[in-house]
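Student: Could you take me through the packing inside this protein, starting with one core and following it out to the sheets and helices? I would like one connected account, please.

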Amino acid sequence: MAVPAAASVRDADGYRPPTVTGLAGLLDRPVRELPYARALVVTGDRVRLSYGGLHAAADVVAARLRDSSLRRGDAVGLVGANTAEFVVALLGAARAGLVVAPLDPALPATQLAARIEALGARAAVLASATAVDLPVPAWPLRVSVTRAGTASVALESGAPAPPEARGAASELTEQDALVLFTAGTSDRAKMVPLTHANVAASVRAVCATYELGPQDATVAVMPFFHGHGLIAALLASLASGGCVLLPERGRFSAGTFWDDMRAAGATWFTAAPAIHEILLDRSEREYPGPQAPPLKFVRSSSAPLNTATQRALERTFGVPLLSAYGMTESSHQATSEPLSGRGLLKQGSVGRPTGVEVRVLDRSGRACATGEEGEVWVHGPSVARGYLGDRAGTSYTFVDGWLRTGDLGVLDEDGYLSLTGRINNIINRGGEKISPEHVEDILAGCPGVAEAAVFAVPDAVYGQRVGAVVVVRAGESVRAAEILRYCRDRLAGFEVPDRVEVVASLPYTAKGALDRKAVQARYAP
């Protein structure tokens, strides 16, 4: 059967990206032109949910939310993994005119509550089977997908939302679609408001970069509560009329990955370097070779991917592995290596700008010469307006419409960007950004611990792991195992130090601040 005209097509003039105006109308054209095509493949049974079925399910959620006490422009939390419930809730809340804040269900309850309160969300939709105690009404959502490609929806939205929202939500408008949280503690994590226009610009850029269309399918590897998985994998695929397989239990599993890829007929996937390293390490045993799906390319983002791994993956998969670069504040993607035949692939590069402008500036704010290192700045329609509830952070990071990324890099003569490091000291563990200050605060609260320092430990798989050294109070006796147990109850799993060492003292600068360079040099090797 011939594929009908769809949300994105190739014509005589080349590829045309899909028409996208925002999150609320993301499915409009695919539903109109491809109502029976598969949008999602879900559950362990890999049941297909059509675009028509997904659209109808989202409409049910939208109607229920409109009937609640929520008003257009209100913020609502969305707690869940990569499940049908998450997708239906996201699209339904957007159609109801609400601003959605995706939240990691694995975060400790105290962090979830703190983020909900800081934002001022008036309610939360639970797209996860795990019960969670939140300071606002939490409405469980259940979605059952039938073999016919339709879905039944149950949303328990009986508990009324508080009459007024507190927190940063007062800065939101009906133009906003999402609020994404950056790295840091619950009280330090920055809240990035993305408008429907921001989301649409980023989705169009991703689709255009990789020429995504109805013939494409992928497996959701990265979590939807971050921009990488949400925008690049989910929203770009749906906007272009493609298909997304959601792994069982909503989480990436290396053991089922290639079965999922075959079940989806996947033509591409995107992941952080840590996952690529895992797949490469297991490829000799698990890569299906001739039985693998017909990949066009593989994408890597969220952290630098070393060149040796990239080339080894390309030899294994037989397709280009394209590095992309972006951040929450730019609605995810800002640059990417191009598809084969659409430009050069340069070793160590994260490609050219995709729908934005990129410049590299020195410390005085002057443009760096070609090949000269400086801070990377980004400008364009996908760049957010600032942070919620953080005027100081906004004024520093967002300057005349430009985003200061905090990353160091160089541009070459062809406009390709290569990253050379980080200005700040955030630890990047397989794409998860970790605030060492936050982990230090938790460590310092452990009974018997007087001081703590947290640092990045180089790692071949994750890029970096979390290391920590602590000074025990005089007369106290506390072991590393006890400290780690304390951390596991108070930190997200990826934030827990991989190793803790008890030391006699920590190095400090002349000004009395922790000497992080000395800590790194002394304890990280």
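Tutor: Contact here means heavy atoms within 4.5 Å. The model is a predicted one, and a good place to enter it is Leu-235. Setting aside its neighbours within four places in sequence, Leu-235 is in contact with Leu-23, Leu-26, Leu-90, Val-199, Val-203 and Leu-230. Leu-235 is also one of the residues that touch the most other members of the largest nonpolar core, which has 86 residues. The others in that group are Leu-40, Leu-54, Leu-90, Leu-230, Leu-234 and Leu-238. Helix H3 (residues 84–95) gives this core its largest share, nine residues. A second core of 46 residues lies apart from it, with Cys-446, Ala-456, Leu-491 and Val-496 among its members.

Let us move on to the sheets, beginning with one of four strands. This sheet is open, its pairing is mixed, and its strand order is S4-S3-S13-S12. Strand S4 (47–50) and strand S12 (217–219) form the edges, each pairing on one side only. From one strand to the next, the twist averages 20 degrees. Strand S3 (residues 38–42) runs parallel to strand S13 (residues 243–245), and two bridges link the pair. In this pairing, Val-41 stands opposite Leu-245 of S13.

Helix H7 (residues 257–264) packs on this sheet and touches S3, S12 and S13, while its direction makes about 160 degrees with that of S12. Its buried residues are Phe-257, Trp-258, Asp-260, Met-261 and Ala-264. Viewed down the axis of H7, these buried residues fall within an arc of 155 degrees, so they line one face of the helix. The general rule behind such a pattern is that an α-helix has 3.6 residues a turn, so residues three or four places apart point the same way. The partners of the buried residues of H7 are S3, S12, S13, helix H8 (273–286) and helix H9 (307–317). After H7 comes Gly-265, with a positive phi near 65 degrees.

Between S3 and S4 there is a loop that holds Thr-43. Thr-43 also has a positive phi, near 65 degrees, though this residue is not a glycine. With a relative accessible area of 44%, Thr-43 is partly exposed. His-332 is another residue that is not a glycine yet has a positive phi, about 80 degrees. His-332 is found in strand S17 (residues 332–336) and is buried, with a relative accessible area of 6%.

A second open sheet, with mixed pairing, has three strands in the order S26-S27-S28. Strand S26 (449–459) and S28 are at its edges with a single partner strand each, so one side of each has no neighbour in the sheet. Direction ignored, neighbouring strands here are turned by 25 degrees against each other on average. S26 and S27 run antiparallel and are joined by ten bridges, with Asp-459 opposite Gly-463 in S27. Helix H11 (residues 436–444) packs on the sheet, touching S26 and S27, and its direction makes about 140 degrees with that of S26.

On the other side of the pairing, strand S27 (residues 463–472) and strand S28 (residues 499–503) run parallel, joined by five bridges. Gly-467 has Arg-499 of S28 as its bridge partner. Together with helix H12 (residues 480–488), S27 and S28 make a right-handed β-α-β unit.

Conventions
Residues numbered from 1 in each chain as written. Predicted model: local features only at pLDDT ≥ 70, side-chain atom pairs only at ≥ 80, totals over all residues. Heavy atoms only, no water. Pairing = 2+ DSSP bridges. Axes fitted to C-alpha atoms, helices over the stretch in contact; angles between N-to-C directions. Buried < 20%, exposed > 50% of the residue type's maximum accessible area, 1.4 Å probe, protein only. Arc of directions from axis to C-beta. Right-handed = clockwise from strand over helix to strand, strands pointing away. Core = buried A, V, L, I, M, F, W, Y, C linked by side-chain atoms within 4.5 Å.
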